[in-house]
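These are my notebook entries on a structure I looked through today. I wanted to know how its parts meet and what lies around its ligands.

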Amino acid sequence: MASQVSQPQAATSGAASSQDTLVSIRGLKKYFPITKGIIFQRHVGDIKAVDGLSFDIKKGETLGMVGESGCGKSTTGRAILQLHKPTAGEVLFRDNGQMVDLVKMKGEDLRKMRRRIQMIFQDPYASLNPRMTVGNIIAEPLEVHGILKGKAAQERVQELLQVVGLNPYFVNRYPHEFSGGQRQRIGVARALAVNPDFIVCDEPISALDVSIQAQVINLLEDLQAQFDLTYLFISHDLSAVRHISDRVAVMYLGWIVELADRDTMYRNPLHPYTKALLSAVPIPDPAIEAKRERIILTGDVPSPARPPAGCRFHTRCPIAQKGLCDVQVPEFRNVGNNHFVACHLVPDGAG
Amino acid sequence: MAVAQGVRPTGQGAWVPQATSRRSRFIDGWRRFSRHKLAVLGLFIVGAWIVCGLFAPWIAPYSYRENNLAVSQQLPSAEHWLGTDRLGRDQLSRLIWAARTALIVAPFAVTVSFALGLIFGSLAGYLGGWVEGIIMRVADVLLAFPGLLFALLLSVTLKPRLVSMMEASSVLKDLVRSGYAELIIVILALSVVGWPGLARLVRAQVLSSKNSLYIEAARASGVNTWRVIRQHILPNILAPIIVVLSMSLGGAVVAESGLSFLGLGVEPPIPSWGNMIYENASNGLWRTANAPYLVWAPGAIVSLLVFAFSFIGDGLNEALNPQIGEGSR
Amino acid sequence: MGTLLDVKNLNTRFYTQDGVVNAVNDVSFTLDEGETLAVVGESGSGKSVTMLSVMRLIASPPGRITSGEIMFDGRDLLKLDDDEIRQIRGNRIAMIFQDPMTSLNPVLTINQQISEVLQLHLGMDKAAAKRRAIELLEKVNIPEAARRVDDYPHQFSGGMRQRVMIAMMLAANPQLLIADEPTTALDVTISAQILDLVKRLKKEVGMAVIWITHDLGVVAGMADRVIVMYAGRIVEQAPVGELYASPRHPYALGLLKSIPRLDEIRKEKLEPIEGLPPDLINYPTGCPFAPRCPYAIQKCLEERPPLAPTTSTKHLSACWRWQDVKR
Ligand SMILES: Nc1ncnc2c1ncn2[C@@H]1O[C@H](COP(=O)(O)OP(=O)(O)OP(=O)(O)O)[C@@H](O)[C@H]1O
Ligand SMILES: Nc1ncnc2c1ncn2[C@@H]1O[C@H](COP(=O)(O)OP(=O)(O)OP(=O)(O)O)[C@@H](O)[C@H]1O
Ligand code: SF4
Ligand SMILES: [Mg+2]
Ligand SMILES: [Mg+2]
């Protein structure tokens, strides 16, 4: 295996770490070991699912995160929540005006912090315990954090069900009695129960039907306005991400390759991967589709166990330069206006 | 319930709102169980077995051990509903007392093997790595032997030693005299062969439950490990385990009879359905006395219990699964 | 151009423990030679079951085609015996399924699977079949086809497997290709590759295509004509341009309005279709969309609107108020 370097980072990306930063990720890495052997397991390599991410999330904003399957979006979300212990890096979270590193927290301290950071999962079918009633599912975070108990908790559950647009009568039902969209609402209610500041939404709409997706997106937006929430919104649907996000990060094979304001990103994408991604999104209008120029990428996404040397995108990049892109790792840098790109061929000042 | 259940569980079902009253897990479960008619029948059969076993001295019309050669080899009559054997013992009474034997052996054997299976299975599932490797390889080896044969071997090799050990102790001496010492050995033998299958099941359940998204969701909302196990993992792995538990009770009854039939389990005069078959069949009594029921009655009881337990298993499977629809439309 | 497929009043039911599922109800449509027809609708609306019925692939029990007529090239497929239908399947009508993982046999090499079709339907010998298999893989842009032809499916990525499926159905030169959401499980860039490929092949081979999807964007770039399904019924049918410019059924309109679009100015709020589709067991007597429909009137709840021509004979809608439905 060629020696692989993770992505070199500019000092900070996104907003400069200022007072309004809620979450700040520094050099985040998550490797999954590949092992062999039945009884005694040998370490034979690593899946570099997330390889050196740095970005900030401001209080009250929605940061969209897009990229193809397997590029490390969910792993990033889970590593932020410490559901996977990061291999390296810091996850700083603002607590009483101070930035604390979640990676260094353990046991009870970490469990207490979980009250402030919640997650909504991709699969509304698998993320609810099939043997618990909806009431108990939503009440659980309240109870474990000692916020409310018994009858008071049940009342709060009914209130939450109303907030997410479900009938409060449903407390005693089991998850299988609901449709996908309704289950996703239950997942949202569970995340909201403890009044968190920050919610990682991991593809909350991907498993839902088109007509239901809009319901859930609207719900998330309403709740954000109502409770002053901050979101990391993970999705592979570029249209939905544009709708809901303030800023957007594009991931490819464990890296963030581009990060910019929503409008900048969609109007003026700089990274060749972002350009291809945007041009591949079909537009529901036959007249436009007939005229559109597509950038069709060739080949498949390489395996994160053996990422290509140099720029990880060079194997599929339509403009890659031999001798540069396949050798040298591009720096993830600000090319103006807080528009961050990791590409050799984007000049400084392009932002 | 009106979720349209299509081919794919991910289908967006349509549902009709209905008022809900507070639901008890137990009542819900019983409703699902009782819809299964055979399971209810099974429950009655098992209930009868337990009653016979517990109250044998009061239910059985005669003693199981006293010989009465005056009434040897009688056909069924008003006094002796199922007739008597060569030693003049009332067959019905012996069948009833044999229920007690099975009632002592089966739950014990199953409890011990379940305890072993649960412990080893969950250790393997949780810890993974080399612990899992070793436990599961041992289980594989044990599973490769025919179970009954292995119990047999153990029983043969251990029995003399255990019996002499017990006789040396003042407390256990009485147990040996009462004839129930054999039972303990049978229990041990059955437990040793019983746990690997269960350990496998438990491990698989723990693994799939441990990696499921709702466990991750619970951890993400700050639930601690102990509560994750109690609230999320246990209820989800318990159902299949309880079902298997029910089935293996039936299996243990058969195994006890089998060992006793081969003379390696419970020995006369203590009656067991197995040794009754053996006694009555081997001395040719059932043919000369023209009383085939002396052999098939104990056999039929054992079969009946096995069926009963498997029906109950089916019923429990439904009862413990809230995803099985309630009530018909 | 002649009519290739003419489906009339197709009804398919599933007999389940909970009751009879009315999965496909009075579905009628036609398809010309060389035409691309898209079928859209949400999950459970009967898209797959309709096409499986056309292929006579409904498992029975629990399913049954209770009535209807499926004329393919002048013959009623419902009247054919099992041997005759097998001759048509895979030979003259081919189907690709949603899940590229499960539709290839994991224990056979790619060559064995493609060659099987060639040997069976075209009577080729082994060597010729392999040569043709490599050609076909090249046609669907599998790099190093000659080497990869002996690989097993798990050695291929999802997008490559879907391309193998396409190569396989091309093997017999079918007149009709039915594709059941072949790109739903794939990433946007991979899905764009597949769409591009099918468009190119269609031009080369000249086959008709039925494309099932729930992605209105995909439809816009692919189809000549579109069928919109809801609750097992066709609720709208129109040439692709007309459907997007002036949908005549509130459900189609709602779908178009509910999706965020990359080419439009970002809306403040999305406009979802509220509510859920009806229960197919207790099928509603009126318009099945009525409980969710912003246009619904009393009549909609009581009487079911038939699929009838609107502004032209090619643009059909099953809505009492189609004249009021506007973008
Ligand atoms: N627990 C794990 N053990 C080993 N490898 C893992 C694990 N979780 C994820 N991976 C690998 O890490 C990589 C990134 O996975 P991740 O789930 O983060 O992708 P993703 O961007 O969320 O994709 P998707 O859009 O499919 O959800 C993948 O190659 C995946 O196979
Ligand atoms: N084998 C079956 N038994 C019972 N019901 C079935 C069966 N197969 C399909 N159905 C029902 O028929 C209806 C139509 O299903 P179908 O698979 O055609 O939907 P679809 O439009 O293809 O949805 P999707 O977009 O999710 O694939 C659904 O309500 C489904 O639940
Ligand atoms: S028929 Fe009525 S309910 Fe149905 S779509 Fe038209 S207006 Fe809506
Ligand atoms: Mg993911
Ligand atoms: Mg389908």
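The entries below go through domains, ligands, backbone and charge pairs in turn.

**Entry 1: the two domains of chain C.** I kept in mind throughout that this is a predicted model. I looked up the domain assignment of chain C, which gives domain 1 as 3-92 + 174-262 + 269-281 and domain 2 as 105-171. Between domain 1 of chain C and domain 2 of chain C, I noted a distance of 27 Å from one C-alpha centre to the other, and the contact draws 19 residues from domain 1 of chain C and 11 residues from domain 2 of chain C.

**Entry 2: the interface between them.** I next asked how much area domain 1 of chain C and domain 2 of chain C bury between them. The value is about 1200 Å², with 68% of it on carbon and sulfur atoms. On the side of domain 1 of chain C, I found that Ile194(C), Leu197(C) and Leu201(C) lose the most area to domain 2 of chain C, and that together they make up 30% of what that side buries.

I then looked for polar links across this interface: the count of salt bridges between domain 1 of chain C and domain 2 of chain C is zero, while three residue pairs are found in polar contact, with both residues of each at pLDDT 80 or more. On the side of domain 1 of chain C that touches domain 2 of chain C, the elements that give two or more residues are helix H2 (82-88) and helix H7 (188-205) of chain C, and H7(C) supplies the largest share, nine residues. Sorted by class, that side of domain 1 of chain C holds 11 nonpolar, four polar and four charged residues.

**Entry 3: ligand 1.** I listed the residues around ligand 1 and counted 14, of which Ser69(A), Gly70(A), Lys73(A), Ser74(A) and Thr75(A) come nearest. I wrote down three distances to oxygen atoms of this ligand: a polar side-chain atom of Ser69(A) lies 2.7 Å from an oxygen atom of ligand 1, a polar backbone atom of Gly70(A) is 2.8 Å from an oxygen atom of ligand 1, and a backbone N or O atom of Gly72(A) lies 3.0 Å from an oxygen atom of ligand 1.

**Entry 4: ligand 3.** Which classes of residue form the shell around ligand 3? I found 11 nonpolar, one polar and no charged residues; among the residues that surround ligand 3 are His249(C), Phe289(C), Tyr295(C) and Trp320(C), and also Cys287(C), Cys293(C), Cys300(C) and Cys319(C).

**Entry 5: positive phi in chain A.** I checked two residues that have a positive phi although neither is a glycine: Asn195(A), at about 55 degrees, and Glu203(A), at about 45 degrees. Asn195(A) sits in the loop between helix H5 (180-192) and strand E7 (198-202) of chain A, whereas Glu203(A) is placed in the loop between E7 and helix H6 (210-227) of chain A.

**Entry 6: salt bridges.** Over all chains, I noted 40 salt bridges in the structure. I followed up the one in which the side chains of Arg261(C) and Asp285(A) meet, at 3.5 Å from N to O. This pair crosses between chains, with Arg261(C) in the loop between helix H10 (250-258) and helix H11 (298-302) of chain C, and Asp285(A) in the loop between helix H9 (272-280) and helix H10 (286-291) of chain A.

Notes: Residues numbered from 1 in each chain as written. Chains lettered and ligands numbered in written order. Predicted model: local features only at pLDDT ≥ 70, side-chain atom pairs only at ≥ 80, totals over all residues. Heavy atoms only, no water. Domains from an automatic or database assignment. Contact = heavy atoms within 4.5 Å. Buried area = accessible area lost by both parts, 1.4 Å probe. Salt bridge = Lys/Arg side-chain N within 4 Å of Asp/Glu carboxyl O. Polar contact = N/O pair within 3.5 Å; in protein donor to acceptor, adjacent residues only side chain to side chain. Helix = DSSP H or I, 4+ residues; strand = E, 2+ residues; numbered from the N terminus. Nonpolar A, V, L, I, M, F, W, Y, C, P; charged D, E, K, R; others polar. Near = heavy atom within 4 Å.
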